[in-house]
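This report goes through selected local features of a structure, chain by chain. The sequence and the coordinates are shown first.

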Amino acid sequence: MMLELLPQQLANGLALGSTYALVALGLTLIFGVLLIPNFAHGEFYMLGAFVTYALVATGLNFWLAMATAVVLVVLIGWIVDRVVFQPVAAAPGHDSGGHGSGLSLMISALAGSIILQQLATIIWGTEARTIPAPMTGMVRTSLFTITYLQITIIATLAVAWTAVWLVLHRSRLGLAIRATSQNRDAALLMGISMTRVRLATFAIGAALGAVAGALLGATFPIYPSMGVNPVLKAFVVLVIGGIGSLPGAIVGGLVLGMVEVMVAGYGSSQFQDIGTFLILVAVLLIRPQGLFGRAQVER
Amino acid sequence: MVNLRPSLATCLILGLGILPMIGGGAKAADEIVIGEIHPITGPATFYGLPESRGVQLAAEHINKAGGVKVGGKEYQIRIATEDDQASPTVGVAALRKLVSADVRFIIGPLASGVAPALKPIVERNDKLTQLIDGTIAENMTNGKNIFRNQATVGGYNVAVAELFKAKKYPSVAMMTDRFHAGFMNSQKDLAGNLKELGVSIASEDYYKLGDTDFSAALTNLRGRNAEVLLIRGYPAEGALITKQARQLGFTGQVVWEMVSPPSTVLKNITAAEMEGVYNCIPPTTEDYVKLGDEKAIALDKAYRAKHNEGPGELTALSHDAVYIFKAAFEKAGSLDNAAVNKAMAALMVSDIPELVTRYTPQPDGRLFAADGQVDLRGEVSVWRGEAWEPARLTD
Amino acid sequence: MLRIDNLSAGYDRLEVLHAVSFSVERDAPTVMLGANGAGKTTLCRVITGLIPARGGGIFLDGADITRLDPSERVKRGVALVPEGRQVFPDMTVRENLRLGAYVHGEPGRAEFDAVFAMFPILAERQHQRAGLLSGGEQQMLALARALMSRPRLLLLDEPSQGLAPKAVALVAETVNRIAATGVAVLLVEQNLILAEAVARHAVVLETGTCVADGPASEMLASGAVEDSYLGKKRRH
């Protein structure tokens, strides 16, 4: 009897996992290239949702609103990097190269996250809001149903991944970003400008966060602290998939979504979160660098 | 050195803030101060703000009609409002602030998380009388100086049982917010009651506040032939669960057990998807209005005139709380807490004709049972169009 | 060509280089000798701009480059083959070479051909991941990558480290060929064989200070070098 439901549970897992992967994609990029555990990624996500909400409320088309939100959140991302992360990197106690220590970067990331949440609270209040869904309806087959919005999210994930892959592997800027992520000092010795790499990385990361926020904000209510849980899930995804690995973020997100759905569907819904941590522990024991991670390169 | 300046400014601001309070204290001779603690901001604003406004409206109304008569003297009621943001720590701070300003009568809080945090403080302070107009968790009152005029979750479950009896539903799948103490503690009893009615419990699933994806548990409903999906928690998740259940092909009856403002519901689900959903809670302010209750209509009118929008689900409870205090003061003939507590415990439902909420009197006619809890029973309402309305179960 | 003038640098509260001065001329490949911890790698990092100078100056053909960004120094012709090679392990050999030419834009066929002529092994392996090359091959790649930036000054930090004697000989031969094309060379090395094979001038660094400076042949014969290694060890 339960096996009949497997196709639907797989569809559920795919839909849920795609949302995790979409949030994790931007996080893993910034972490992988700049070694910043960017907790404020949850706020890029939240601001993507709120800006889209505000623009849709003025009557703008959802997709135009989302595009505008992406641009705005990229600007905010740059400001966050400039105000929150660069001063830490430049502070005494770190070499000129601009590596902050992990701990101080994490603390400043948390501070940035809280400040952005408070700003959003001042502007929009704490009350939950909803972005009118850009589409309704669903595909019903004999095996499973899936909503158009879920299909859109899965498709967006595929498009986002392809776009980021093309930028990283088919452009000079991408070459510089990849070089930086593999060996920052050597990248500097090649004459790569860290400013440009930072700007580009934060732009792509923030844009991915904003897209995720706009799309998921059309599914769930939005509120200033909405980014906190997704970003924690995204860190779990990073550990599963391998920090800094884009395919790792995608596969890690999908694995996490599938495991959660299977645990809740075939075990008990009370254990959904336990499933998350079981897979986390399993990965850490069997493959500590994550599914797609390589053992850390000497830096 | 520079650091001194902000702290100096803080002192000044604090000083300026305290001055009017001292002034207020001096005037206290012909004034009764009632403190109210509600979530004016934060995630539970949609419950808390209409409650706070209900308290204010009742106080204004009483003052205009001559105030409270205690021992041949007339007093005006002044409301001291504190915002607990539905957070236990903020709530405790709010209570301490009221106590330090010598406020001895408290209405609130709303949130199930705040009430247990306040309970030990109030219980130990014999200069406090508290009337809770919120949380439905059991065991929040003591009948000595803590009372409650909101239902307990047991009162909600009465309506659930009534609905299942009337509709003869054969089976139910339950989804419960596992961090809601009230619902969780009563889950076993409710399941037992339903089993006695011949209802088979197809499944019991749990979720938590803030969850957004319920697809795994809801997919399983398909194989379990549950006639009814019973959701026990808060309205945002309730709406998402209802929506996702429909998307996943659940065609049975959806039943809620939660106070759910339509505005909050409609943020998460369309009105069409809500059509026909039952809700088992004590009647809300709006329900009384729809039933044609004159006192409720008057309250509704006054509220709309002042705030340009309709009252909240719980406005009537908060409004009633002020009248319950007034009746207790007058019955006690004193503003001494011990006397007020005693009078409050002895109040008859018939002593307070202004009550909007229809309480079931105790066997001896009193409002509160010995443990300080009112008897307020859930009734079944149904979603029609854009809002809830009282349901008639006979047809 | 390169003039270091009273240069000081360090990390945090620790000063590693104390008022170091010396010069490197185009026609006299220079070796810098010194024990571990003498400050040689720090010196390479200051010259390339990876860490800031705390005092003194760095001059390239008379121009002060002390405060320039690393990328600006690369454009002016400063290239470093860093200690431990530091190739980009997950990129192909060809991508590594493209990165070497990064400041000049996308390299053309002629540039690749020139480098492949010098390092035929890299032509064979150009589509392989750099991390899969042997140590000697990685050293060739690091050298080739530095050449792609069209250097006027080539710094080599311990290029013999971890290499078999045969590979060391190949490095020596290659560096000599590069020097012959008019590129100034500063070799930081502990391996005296490589130093002798390449250098015409030698500088000895001891605990962050220049203690000797002169023609390589004299210096390597004089025992000043041995003092700076062995003598120091004995004292500790």
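## A strand residue in chain C

In this predicted model, C:Val211 is found in strand E10 of chain C, which covers residues 209-215. With a relative accessible area of 46%, C:Val211 counts as partly exposed, because that class lies between the limits of under 20% for buried and over 50% for exposed.

Leaving aside residues up to four places away in sequence, C:Val211 touches C:Val204 and C:Glu206. Between C:Val211 and C:Gly34 there are 9.8 Å in space, C-alpha to C-alpha, although the two are 177 residues apart in sequence.

## A bent helix in chain B

Helix H6 of chain B runs over residues 181-196, and at 1.5 Å a residue its 16 residues should span 22 Å, which agrees with the 24 Å that separate its end C-alpha atoms. H6(B) nevertheless bends by about 45 degrees at B:Gln187, and B:Gln187 is also one of the buried residues of this helix, together with B:Gly182, B:Phe183, B:Ser186, B:Leu190, B:Ala191 and B:Leu194.

The cover over these buried residues includes helix H5 (153-167) and the strands E7 (171-177), E8 (200-207), E9 (228-232) and E10 (253-257) of chain B. Just after H6(B), B:Gly198 takes a positive phi of about 90 degrees.

## A nonpolar surface patch in chain A

On the surface, A:Val71, A:Leu72, A:Leu75, A:Trp78 and A:Leu199 form a nonpolar patch whose accessible area comes to about 410 Å² together. Helix H3 of chain A (residues 62-90) supplies the largest share of the patch, with four residues, whereas A:Leu199 has its place in helix H8 (residues 194-217) of chain A. A:Leu199 is partly exposed, at a relative accessible area of 37%.

How values were computed. Residues numbered from 1 in each chain as written. Chains lettered and ligands numbered in written order. Predicted model: local features only at pLDDT ≥ 70, side-chain atom pairs only at ≥ 80, totals over all residues. Heavy atoms only, no water. Patch = residues over 30% accessible without salt bridge, like charges linked within 9 Å, V, L, I, M, F, W, Y side chains within 5 Å. Areas by Shrake-Rupley, 256 points an atom, 1.4 Å probe, with all protein chains shown as cover. Salt bridge = Lys/Arg side-chain N within 4 Å of Asp/Glu carboxyl O. Helix = DSSP H or I, 4+ residues; strand = E, 2+ residues; numbered from the N terminus. Buried < 20%, exposed > 50% of the residue type's maximum accessible area, 1.4 Å probe, protein only. Expected span 1.5 Å × (residues − 1). Bend = angle between axes of the 7 residues up to and from the residue. Contact = heavy atoms within 4.5 Å.
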